[in-house]
Amino acid sequence: KQWYQRRVAITAGNYILSMGKKRKKTNIVDTTEIKKVSKTLSRGPALDVKSIQDKKLRRELIVKERQNAQAIRTAAFTQLLLPEDVGCLEADEGERTLKFKQAEIVKHVDISSARKHFSLTLPHHGPYKCAYSRNGRKLLIGGQRGHVATFDWQNGKLGCEFHVKETIRDIAWLHNRDYIAVAQKKYAYIYDGQGTELHRLKNHINPVFLEYLPYHWLLVSAGATGYLKYHDVSVGKLLVELKTRLGQPHAVAHNPWNAIVNLGHSNGTVTMWSPSMKEPLVKMLCHHGPVSAIAVDKGGRHMVTCGMDKQMKIWDARTYKQSLAYHTPRPGSKLAISQTGLLAVSFGGHVQVWKDAFSTKQKAPYMTHLVEGATIDALEFANFEDVLGLGHSKGFTSLLIPGAGEANFDALELNPYESKRQKQENEVKMLLNKIQPDLITLDSDNVHQMKGEDEKKPLDDKELIIKFKMKGRNSAKKRFLKREKHIHDSRRQKVRAALTATQQEGDEGLSDQPRTILDRFKYKET
């Protein structure tokens, strides 16, 4: 027993001595590398807070600057742990990357990458629309003459194929690879993974464009009648109908950062819409002719527009100012932006891919391609793959674009290799984390600044008075009668005032004696 007590006392003393010693800090990661990565992730210099006199505003800005610095530092730490890097084409001296053909690229890549370049010849049902799933595994194509097909384009396995026997204007994937939306001649339809018709959306009349907002579970359609309609897919109800008053839009694209829908119109304007507002949030003049194509990058910083004036303009989506402009040989018909910031534009049968087009003005494109004897009708990059899909009048073509896809993926967000069980769990999580449509705003960072229930001030007795407004109290007829009554009352008051004045003048000349009948013949002095 004594031996045990002595051993406990010795260990406790050693623990106290070790707590008093100063431990040396060891840096696992080099700080210089973190600083280099932080510079690339930063959004500009910090604000000069000392010049602000308002104490409350200064305190809020200081907190925000600290949060931004902490976010940049954590992002820099995680970026150092990413295993893969983004590749690109590098030309030798005297060569340019835009001269490289697809056949040459296929010869010098591995077998798995070479299989991603293919072409589907379907001349009888084109032109075709194309859409990749969010994880980049599935491909959806739809011909204008009614042909629809889905398949795993990497393994070459066909999912479903059917013919709707009607004109198809646009196609879109829904929340997973088992549901698709098709904009047909008269209505919009929803089909499952086997090609079975599930729903006919009668409220979406003559749809021309379809967009799906994955975090809000909203299917957006823009029709030939000039209406923009939001349909909640989770409950199957039409959320709102917005009248644009600008006719049929020529281009539609949504901002992945804040879920704002951008519409391009025939008068050269671009309008930005939210389901909570009946009027456009922003209306900006972008071109001196009809807007033919719109695209927004995943960070929500840049918006690219093409017009019939042969101009491709890059706009700052936060300040709504033009940053750069490029000239195209012909009016651009379609636009697409990859995860790494590559910009693809098509005109006729030509496709140009621009690299670093948002930061500095480039003299020549990164890559080019020509689909002989065809007109390109759809452009889309595949997520997490260096692939660009082209839908044209002769079918579909898959191009290899080195450096287009994100090299590292977040399996909790989008997993290209998810199993059937993971897909089901992800669907339930997305439904539980569904964002309400009322939170769609231009500045999504201001959502957390709303006052909660505890921060609201208690109302006074005067503010608690509830006024019940009767139906029809403020109608046009009531307002007219009130105005007429006010005019008659003012006239009546003037007549009464004049009568009282004449009576007072007549009473001044009379004496206090009682009046008789003969007083009327008396002589009156003037």
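This tour moves through a predicted model, from the whole chain to selected residues and surface patches.

**The whole chain**

Begin with the entire protein chain in cartoon view, where seven helices and 28 strands are found. Of its 526 residues, 38% are buried. Next, display the surface: the protein chain exposes about 34200 Å², and carbon and sulfur atoms supply 52% of that area. Among contacts with a separation of 6 or more, 45% join residues that are 24 or more positions apart.

**His 216 and its neighbours**

Select His 216, in the loop that runs between strand S10 (207-213) and strand S11 (218-223). Is His 216 buried or exposed? His 216 counts as buried because its relative accessibility is 8%, and the limit for a buried residue is under 20%. Now add the residues that His 216 touches, leaving aside those up to four places away in sequence: Ala 259, Lys 434, Ile 435, Gln 436 and Ile 440.

**A nonpolar surface patch**

Keep Ile 435 selected, and add Tyr 215 and Leu 439; these three residues form a nonpolar patch on the surface. Together they present about 240 Å² of accessible area. Leu 439 belongs to the loop between helix H6 (420-432) and helix H7 (476-508). With a relative accessibility of 35%, Leu 439 counts as partly exposed.

**Pro 290**

Move to Pro 290, which is placed in the loop between strand S17 (282-285) and strand S18 (291-296). Pro 290 is partly exposed, at a relative accessible area of 26%. Which residues does Pro 290 touch, not counting those up to four places away in sequence? They are His 250, His 265, Ser 266, Gly 268, Cys 306, Gly 307 and Met 308. For one of these, Gly 307, draw a distance between C-alpha atoms: Pro 290 and Gly 307 are 5.7 Å apart in space and 17 residues apart in sequence.

**A negative surface patch**

Finally, select Asp 92, Glu 93, Glu 95 and Glu 104, which form a negative patch on the surface. Within this group, centre the view on Glu 95, in the loop between helix H3 (55-80) and helix H4 (102-107). The relative accessible area of Glu 95 is 41%, so this residue is classed as partly exposed; exposed would require over 50%.

How values were computed: Residues numbered from 1 in each chain as written. Predicted model: local features only at pLDDT ≥ 70, side-chain atom pairs only at ≥ 80, totals over all residues. Heavy atoms only, no water. Patch = residues over 30% accessible without salt bridge, like charges linked within 9 Å, V, L, I, M, F, W, Y side chains within 5 Å. Areas by Shrake-Rupley, 256 points an atom, 1.4 Å probe, with all protein chains shown as cover. Salt bridge = Lys/Arg side-chain N within 4 Å of Asp/Glu carboxyl O. Lys, Arg positive; Asp, Glu negative; His and termini not counted. Charge placed at Lys NZ, Arg CZ, Asp CG, Glu CD. Helix = DSSP H or I, 4+ residues; strand = E, 2+ residues; numbered from the N terminus. Buried < 20%, exposed > 50% of the residue type's maximum accessible area, 1.4 Å probe, protein only. Contact = heavy atoms within 4.5 Å.
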